[in-house]
Number of protein chains: 2
Amino acid sequence: MWRGMVTGISMRKPTIQDVAREAGVGVGTVSRVLNNHSAVRGATRDTVLKAIADLDYTPNPHARRIAGGKSYTISVLLPVVTTEFYVRLLDGLETAFQEARYDVAIFPLLDRSRLERYLGSHTLAYQADGLVMATYNLTQMFNEHRLRTQQPTVLVDAYAEGVDCAFMDNVTGGKLAGEYAATLPGTLHAIWVETELDQLFTTRVFEDRRAGFLKAVAGAGREVKSEHTSSFDPLAARNSACTLLDEVAAGGGFPCTVFASADLLAGALLDEVRARGLTPGQDVRIIGFDDQPWAAARGLTTLHQPVENMGYEAAQLLLSRLGGHRGPARARRFEPKLMVRDTA
Amino acid sequence: MWRGMVTGISMRKPTIQDVAREAGVGVGTVSRVLNNHSAVRGATRDTVLKAIADLDYTPNPHARRIAGGKSYTISVLLPVVTTEFYVRLLDGLETAFQEARYDVAIFPLLDRSRLERYLGSHTLAYQADGLVMATYNLTQMFNEHRLRTQQPTVLVDAYAEGVDCAFMDNVTGGKLAGEYAATLPGTLHAIWVETELDQLFTTRVFEDRRAGFLKAVAGAGREVKSEHTSSFDPLAARNSACTLLDEVAAGGGFPCTVFASADLLAGALLDEVRARGLTPGQDVRIIGFDDQPWAAARGLTTLHQPVENMGYEAAQLLLSRLGGHRGPARARRFEPKLMVRDTA
DNA sequence: GCGCCACATGGAACGGGTTCCATTACGGCT
DNA sequence: AGCCGTAATGGAACCCGTTCCATGTGGCGC
C-alpha cells in the first residue's frame, strides 16, 4: 500500500506505464532508459528522466525479477558482519552492486553446518544470480554446489585455482612493516596472532605477515630478537605485551621496535607502554596492522588495507561474469599501505 | 537458469501451470492448496501435493509478490546479529515467519544514523509488509515512519504504549535469583553491568534485574552486603571479580553468594575463584544470568531466558496484524527460568 | 423427482516490468 | 526529389502467481 507523501490521499504507486504516458513515450523506451540500453536519443532520455522525477517513480524490483527471469540478487557468504573488516568489505561490495542495480543478500555463516545448510539448500542457493564468498576455504560441498547451480562465483579474502579471486597481500604487508622496522633503532620484536586451526576459513593471514616481515628484516641485515604470540582477545593481548616489555627491560633495555601484527595487539601494547610510564615512539616503537578506526586518533603507525577497494573490485569481477564474460579465472591482489604516525 | 538435478539436461523450472496440468486441475486450485485456502477437497489437495512433489516444484517468490501486491517480507531491525541473544531471537522470529511463508530481511543498525537512514528511506521501508524492531527505544522518527507507511509493527525486547510488544521480564528474573540466593548460606553480593546511557536502546535490563533481586532479598529478610559494577567486557569483569573476592576475604570470609547479573561476569568470577584455589558452589556460590551455551558445560547456575520463544510469539503478534487483526496493542511478557547447576 | 444452496473448481484477468519485433523517422547519397 | 539503411521507438507478448467470477457438482429437503 502506497500513500502520496504530500496530500496523504491514498493513491496508486506510479508504474512504468504512468511514466511512459507522462513522458509521451512507450514503455519500452522507459525500460531502456532505466537499464542504460543506450539506443535512446539524448532528448528522449531527458524527457523520461524528468517524468520519473516528477512522478517520484521507483521501479518495482519484484516485477523486474519476474519479467527478467533473474533474481538480480547476489548472495554474500561471510563469517560475521560486525567486525571492522567485514563492514568495510560489505561497503565496497554493496557500492559496486548497487551501481549495477543488483541487490545483496548477506548470510553470516560462522560454522560449517550453517555454510553447508546454505550450500545444500535449493531455495536459498538457487535464488541468487551470483555468489560472493569471503574468507572461506573451498570445501567439496562448494564444488558440488557450483557445478549444480552454475552460478558465477567470486572469492574474497581467499584464493583458489579456477575461481575469480580478490585478496589482500599479507606477505607484502609484512614486508612493508619489516622494511620500515629495520630502519628504526633498538632491538626488533614481533607479536603474532595464533589462530586456532579451522579448516573452514583461510587462516594464513598471520603466517603471511610473518613471512614477509622476517624476510624483509633479514634482507636489511637485521635480526628479530624475540617473537611472541597471543590469541585474538584483549586480555591475552595485554598479557603478551607485559611479557614482551618485561623481557626487553630485563635484557638490553629500551629503545625497542615491535611489530604487533594486528591493531588489537598494538593497542594493548600501547596501553601497557603508557601504564609503565614509557614513551611510545621513543622507548617503544610500535607498528600495528589493520588501521582500525581508532588508530589514527591514537597516533598508531600501522598498515592500512584497502578493504573497500577489494570488495568493489571483487564485485566487478562477478558483474563481468554476469554480463557474459568468459575466460580463465582472474585474481586481483591488493597491497596494504604503511601509515606512518606517532608510534613509530 | 535452472537445470534438472538428475539428468543435467537444461530444462525449464516447473511453474504453477505445470503442476496444474500434472495434477489435472486448474491453476486456481493449486494456488489454493499452496496457501491453505481451505476450500479444497481432501482428495484434490493430495493429488496436487503429489504433483508438486513429483515435479519438485517451488513457487517463484517474486511472481508471488508481484501478483499478490505484497512483498511477503518482514524487516527486522536490530543492533547486531552476532551475539547469542540476537541469534536466538532471530531463530524464533524466522521459524514463525517461515511457517507463514514470509521472508525476513535483517538490518543490523548499530547507531542512530543508520537507523534513521532506514526509517527515512522510501525504498527500504516501503518494501516490507511489516516491521520488527528489537531493543530500540522509539524515536520521533519512528512515529513518523509508522504514520507514513501504516506498517504493522512489533517491538521485541522493548516496551511502549500503543504498539504490540514482546519483552523479557527482567524484574522477575532478578526476583528469582534473589529468592534463591536468600536461601543460600554466607554473605550476599551482586555485580551489575553498568551500561553507557544510549538513548537509542532500551537499557533498563540491569536496573530491572537489580530491582527484582533487591526486593526479593529484602522480602526474605536478608541483606545484600556489597554491590559492584563492571562494564560488559571480559577484562573489566575479571577486575571486578578480584575486587569482590578481596573484599570478602578481608571481611567475614567465605562462604559467600554472588549474583553476577550476566554470564560474562559470572564466567570471569568463576575463573578467578578457581584461580584462587577456592571451590565454586561451596566457598563462593555463583548465580549468573543468560544461560550462555557454555553455562551448562561449566555447571553455572543461571537464569535461562526463553528468547526463541519470545521471538516466535512476537512474530505471531505481527502475523495476526498482517492477517487483519484489529484492536488495541498487546504486550507479551516472558519470564526467565532458574537453572540450578553446580555453582549455587 | 425437482429445486436450491453451498461447496468445489476452472480459468481469465491482472500486476509491473523486460524483450523483441514491427514500424517510424531521419540523415546521407545519388 | 527519391531511395536506402540505420537508429530510435511503440507496443504486444510474455514472465508466474493471485484473485475473483462463472461454472459445475453433490447433497438435502420437500
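How many nonpolar, polar and charged residues does the surface near DNA strand D have? By class, there are eleven nonpolar, twelve polar and four charged ones. Keep in mind as you read on that this is a predicted model.

Let's stay with strand D for a bit. In total, 27 residues sit around DNA strand D, and those that come nearest are G26(A), T29(A), T44(A), I16(B) and S31(B). Looking at the DNA side, sugar and phosphate make up 67% of the strand D atoms that come within 4 Å of the protein. As for secondary structure, four helices each supply at least two residues of this surface: α2 (27-34) and α4 (61-68) of chain A, along with α2 (27-34) and α4 (61-68) of chain B.

Some individual contacts to the phosphates of strand D are worth pulling up in your viewer. S31(B), already named among the nearest residues, has a side-chain N or O atom 2.8 Å from a phosphate oxygen of DNA strand D. R64(B) also uses its side chain, with a polar atom lying 3.0 Å from a phosphate oxygen of that strand. In G24(A), by contrast, a polar backbone atom is involved, at 3.4 Å from a phosphate oxygen of DNA strand D.

Now for the other strand. DNA strand C has 28 residues around it, and here I16(A), S31(A), G26(B), T29(B) and T44(B) come nearest. The surface near strand C has 13 nonpolar, eleven polar and four charged residues. Once again α2 and α4 of chain A and α2 and α4 of chain B each supply at least two residues. Of the strand C atoms within 4 Å of the protein, 60% belong to sugar or phosphate, and the rest belong to bases.

Both chains make phosphate contacts here too. From chain A, a polar backbone atom of I16(A) is 2.7 Å from a phosphate oxygen of DNA strand C, and a backbone N or O atom of N60(A) lies 3.2 Å from a phosphate oxygen of this strand. From chain B, T44(B) brings in its side chain, where an N or O atom is 2.3 Å from a phosphate oxygen of DNA strand C.

Since α2(B) keeps turning up, it deserves a look of its own. Which of its residues are buried? They are T29(B), V30(B) and V33(B). These residues cover an arc of only 100° around the axis, so they end up on the same side of α2(B). An α-helix has 3.6 residues a turn, so residues three or four places apart point the same way. The cover over the buried residues of α2(B) includes α1 (16-23) and α3 (42-55) of chain B. Just past the end of α2(B), N36(B) takes a positive phi of about 55°.

Helix α8 (residues 140-149) of chain B tells a similar story, with F142(B), H145(B) and T149(B) buried. Their arc around the axis is only 60°, which puts them on the same side of α8(B). Q140(B) and L147(B), on the other side of α8(B), are exposed. Just after this helix, Q150(B) takes a positive phi of about 60°.

Finally, zoom out to chain A, which is divided into domain 1 (16-59), domain 2 (68-168 + 308-334) and domain 3 (170-305). The C-alpha centres of domains 2 and 3 of chain A lie 32 Å apart. Their contact takes 15 residues from domain 2 of chain A and eleven residues from domain 3 of chain A.

Key: Residues are numbered from 1 along each chain as its sequence is written. Chains are lettered from A and ligands numbered from 1 in the order in which they are written. This is a predicted model: local features need pLDDT of at least 70, side-chain atom pairs count only at pLDDT 80 or more; totals for chains, interfaces and linings use all residues. Side-chain values use heavy atoms; hydrogens and water are left out. A residue is near a molecule or strand if one of its heavy atoms lies within 4 Å of it. A polar contact is a pair of N or O atoms within 3.5 Å; within protein, one must be able to donate a hydrogen and the other to accept it, and residues adjacent in sequence count only if both atoms are side-chain atoms. Ala, Val, Leu, Ile, Met, Phe, Trp, Tyr, Cys and Pro count as nonpolar, Asp, Glu, Lys and Arg as charged, and the others, Gly among them, as polar. Buried means under 20% relative accessible area, exposed over 50%, partly exposed in between (1.4 Å probe, protein chains only). The arc is that of the directions from the helix axis to the C-beta atoms. Contact means heavy atoms within 4.5 Å. Domain bounds come from an automatic or database domain assignment.
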